[in-house]
Amino acid sequence: MPRHSLVTGANRGLGLEFVRQLLARGERVVATARHPGKASALNQLTGEYPGRLHVLPLDVANAKSRDELARELPLVLGEDRLGLLVNNAGVLHSGERWGHLQDGILEDSLRTNAIGPLLLVQALVPLLEDGATVANISTMMSSLATRGEFRSPSYSISKAAQNMATVQLSFALQPRGIKVVALCPGWVQTDMGGGSAPVTPSQSVTGLLRVLDGLTPADSGRFIDWQGASMAW
Ligand SMILES: NC(=O)c1ccc[n+]([C@@H]2O[C@H](COP(=O)([O-])OP(=O)(O)OC[C@H]3O[C@@H](n4cnc5c(N)ncnc54)[C@H](OP(=O)(O)O)[C@@H]3O)[C@@H](O)[C@H]2O)c1
């Protein structure tokens with residue numbers, strides 16, 4: 001049977017491209033979106049790949065929504081388990097200025113980019129197969145070693161926290177052979193990345209899937225970019 005993958009934030013951008021490419025190579029996909037009824041691109045794909053794509057609601061920042069997904073997922077998977085979980089959903093609140101930082105923006109960023117993905121893995125871990133992969137989509141803007149300016153601090157701080165969650169999860173899930181990695185997709189043409197970004201979603205996701213395909217257990221806990229290069233934490 002083809003592998004079952006789950007992608008969060010799959011209604012647009014990189015998440016949608018993950019779903020497209022996973023389906024095109026024959027896999028079965030659970031795609032989550034905050035508002036499935038409005039996820040027109042995903043719903044069109046459901047028609048193109050009958051029985052292989054299921055769209056379920058998830059607001060990753062919301063505990064009740066995560067619990068509901070964990071309850072509904074077994075109905076979709078049946079006896080099967082997830083071989084790949086892509087924690088792709090993320091938020092970047094742009095326009096933050098020093099002296100005007102707001103706790104609401106910091107909190108929403110941390111909930112969406114760090115706390116939500118970590119607790120989602122915890123909630124779904126019984127539904128992951130031994131040896132599965134968890135891919136946390138990170139960013140170069142999370143790197144403490146290379147950050148060189150004051151910009152989008154809530155995003156950078158929350159993604160740096162997500163990086164530590166990746167490392168913590170890699171230890172927690174080691175006994176089951178589950179690999180957990182932080183992946184940098186590059187600067188990509190999406191709503192978040194904007195039109196000047198040099199990389200297309202198709203190029204980025206092709207590269208990220210190549211990286212994921214090549215992972216060994218020794219790679220768990222690493223930070224890797226879409227071209228396979230190690231990133232500095
Ligand atoms: N594009 C880049 O250059 C770039 C670079 C580095 C890292 N990344 C990372 O790549 C991932 C995908 O980004 P993207 O460029 O595709 O961004 P995007 O086009 O803005 O899409 C973001 C996705 O995340 C979803 N999302 C936001 N908050 C959510 C929540 N609370 N619960 C569930 N879903 C939520 C959005 O859903 P709605 O449609 O409902 O808002 C949307 O599906 C993110 O983690 C981002 O940080 C992107």
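Follow the chain from its N terminus and you'll read off β-α-β-α-β-α-β-α-β-α-β-α-β. That pattern is made of six helices and seven strands. Keep in mind as you go that this is a predicted model.

What about the overall build? The C-alpha atoms fit a box of roughly 50 × 40 × 35 Å, taken along the principal axes. The chain's radius of gyration is 17 Å, and since a compact globule of 233 residues would come out near 17 Å, the two agree.

Now for the ligand, which sits in the largest pocket. Its shell counts 27 residues, and the closest are Asn11, Arg12, Arg34, Tyr155 and Thr190. Sort the shell by character and you get eleven nonpolar residues, eleven polar ones and five charged ones. As for where these residues come from, helix 1 (13–24) and helix 5 (153–172) each contribute at least two of them.

Which atoms should you zoom in on? Start with threonine 190, one of the closest residues: an N or O atom in its side chain is 2.5 Å from an oxygen atom of the ligand. Lysine 159 also uses its side chain, with an N or O atom lying 2.8 Å from a ligand oxygen. With glycine 90 it's the backbone that does the job, as one of its polar backbone atoms is 3.3 Å from an oxygen of the ligand. Step back from these individual pairs and look at the burial: on its own, the ligand has 890 Å² of accessible area, and the protein covers 93% of it.

Conventions: Residues numbered from 1 in each chain as written. Predicted model: local features only at pLDDT ≥ 70, side-chain atom pairs only at ≥ 80, totals over all residues. Heavy atoms only, no water. Near = heavy atom within 4 Å. Polar contact = N/O pair within 3.5 Å; in protein donor to acceptor, adjacent residues only side chain to side chain. Areas by Shrake-Rupley, 256 points an atom, 1.4 Å probe, with all protein chains shown as cover. 1 Å grid on protein atoms, 1.4 Å probe; cavity = no way out; pocket = protein on both sides within 12 Å on 5 of 7 lines; lining within 4 Å. Sits in = over half its atoms within 2 Å of the grid points. Helix = DSSP H or I, 4+ residues; strand = E, 2+ residues; numbered from the N terminus. Nonpolar A, V, L, I, M, F, W, Y, C, P; charged D, E, K, R; others polar. Rg over C-alpha atoms; globule rule 2.2 N^0.38 Å.
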